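Here is a quick tour for someone meeting this protein for the first time. Have a look at the model, then read on.

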Amino acid sequence: TTEAKMSDGVISALFYDAESNSLDIGVQRLPESRRDDGLFTVPLEIRIPIGKLVLVPAEGVRQARVRIFFAAMDSAGGMSEVQSSIVPITIPEAEVAAAVKQVYVYGISLMMRKGPQKLAVGVRDEVGATQSFTVRTMIIGRKGWPRRQAGLRERKHWVRPTLQGCGPRSRPPCRTSRSRA
């Protein structure tokens, strides 16, 4: 199945640092926060260029549908299960020209242990039948990690659902309906 292939791709990316990123997806880490149990909540933004997606016309809008897969692995080889979310994207026809020059941002918050972690993300354009995989290595809980990174203020037209509710909030032109994986 497609789901099994994407899960295998994410796992391969974790173990072999294998990237295949035709959709030019990006992952941006935001400042983490330490929890009472010693774990860290690490917010991440998965950035998908809208112009790389297949947008299908439908009654005054253009629609795309992507599925995002992700998993993390610590330095000891402990790995999370591959998780996925279906993300429908709807753009009003009048705003398509501007939207294809923007990125769609999907926000997730992961619980991670302190220390080196590797995150693999796979994105599949369900309409265009294309997929991308990328890997990011990060050190969680490191003192002196900058609280503010260049480029974080530049957020245009993004959606940030959370794993707990997967209830997106949106700003035009990208609107989405509520969905669960």
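## The overall layout

What pattern does the protein follow when read along the sequence? The pattern is α-β-β-β-β-β-β-α-β-β-β, with 2 helices and 9 strands in the protein. Helices here are DSSP runs of H or I with at least four residues, strands are runs of E with at least two, and both are numbered from the N terminus.

Before going further, some ground rules: this is a predicted model, where local features need pLDDT of at least 70 and side-chain atom pairs count only at pLDDT 80 or more, while totals for chains, interfaces and linings use all residues. Residues are numbered from 1 along each chain as its sequence is written, and side-chain values use heavy atoms, with hydrogens and water left out.

Of the protein's 181 residues, 45% count as buried. Buried means under 20% relative accessible area, exposed means over 50%, and partly exposed is in between (1.4 Å probe, protein chains only). The protein exposes about 9,600 Å², and carbon and sulfur atoms supply 49% of that; these areas come from the Shrake-Rupley method with a 1.4 Å probe, and for residues only the protein chains shown count as cover. As for contacts (heavy atoms within 4.5 Å), take those with a separation of 6 or more: residues 24 or more positions apart account for 67% of them.

## Helix 1 and its two sides

Helix 1 covers residues 2-16, and at 1.5 Å a residue its 15 residues should span 21 Å. The end C-alpha atoms are 21 Å apart, which agrees. The expected span is 1.5 Å times one less than the number of residues.

Which residues of helix 1 are buried? They are Met6, Ser7, Gly9, Val10, Ala13 and Leu14. Seen down the axis of helix 1, these buried residues fall within an arc of 155°, so they line one face of the helix. That arc is taken from the directions from the helix axis to the C-beta atoms. An α-helix has 3.6 residues a turn, so residues three or four places apart point the same way. Strand 5 (61-74), strand 8 (115-125) and strand 9 (130-140) are among what covers the buried residues. On the other side of helix 1, Lys5 and Tyr16 are exposed.

## Just past the helix

Asp17 comes just after helix 1 and takes a positive phi of about 55°. Asp17 sits in the loop between helix 1 and strand 1 (26-29) and is partly exposed, with a relative accessible area of 46%. Leaving out residues up to four places away in sequence, Asp17 touches Ser12, Lys118 and Val135. The C-alpha atoms of Asp17 and Thr137 are separated by 9.6 Å, with their places 120 residues apart along the chain.

## Salt bridges

How many salt bridges does the structure hold? There are 10, each being a side-chain nitrogen of Lys or Arg within 4 Å of a carboxyl oxygen of Asp or Glu. One of them joins Arg136 and Glu19, whose closest N and O atoms are 3.4 Å apart. Arg136 lies in strand 9 and Glu19 in the loop between helix 1 and strand 1, so the pair ties together parts that are 117 residues apart in sequence. Arg136 is partly exposed at 30%, and Glu19 is partly exposed at 44%.

Another salt bridge links Asp74 and Arg113, with the closest N and O atoms 3.5 Å apart. Asp74 lies in strand 5 and Arg113 in the loop between strand 7 (103-112) and strand 8, so this pair ties together parts that are 39 residues apart in sequence. Asp74 is buried at 16%, whereas Arg113 is exposed at 55%. Arg29 and Glu32 also meet in a salt bridge (2.4 Å, N to O); Arg29 is buried at 9%, and Glu32 is buried at 8%.

## A buried glutamine and a surface patch

Gln117 is found in strand 8. Is Gln117 buried or exposed? At 6% relative accessibility, Gln117 counts as buried. Beyond residues up to four places away in sequence, Gln117 touches Met73, Asp74, Met112, Arg136, Thr137, Met138 and Ile140.

On the surface, Phe15, Tyr16 and Met79 make a nonpolar patch of about 360 Å². Patches are made of residues with over 30% relative accessible area and no salt bridge; like charges are joined within 9 Å, and nonpolar side chains (Val, Leu, Ile, Met, Phe, Trp, Tyr) within 5 Å. Met79 lies in the loop between strand 5 and strand 6 (83-92) and counts as partly exposed at 35% relative accessibility.
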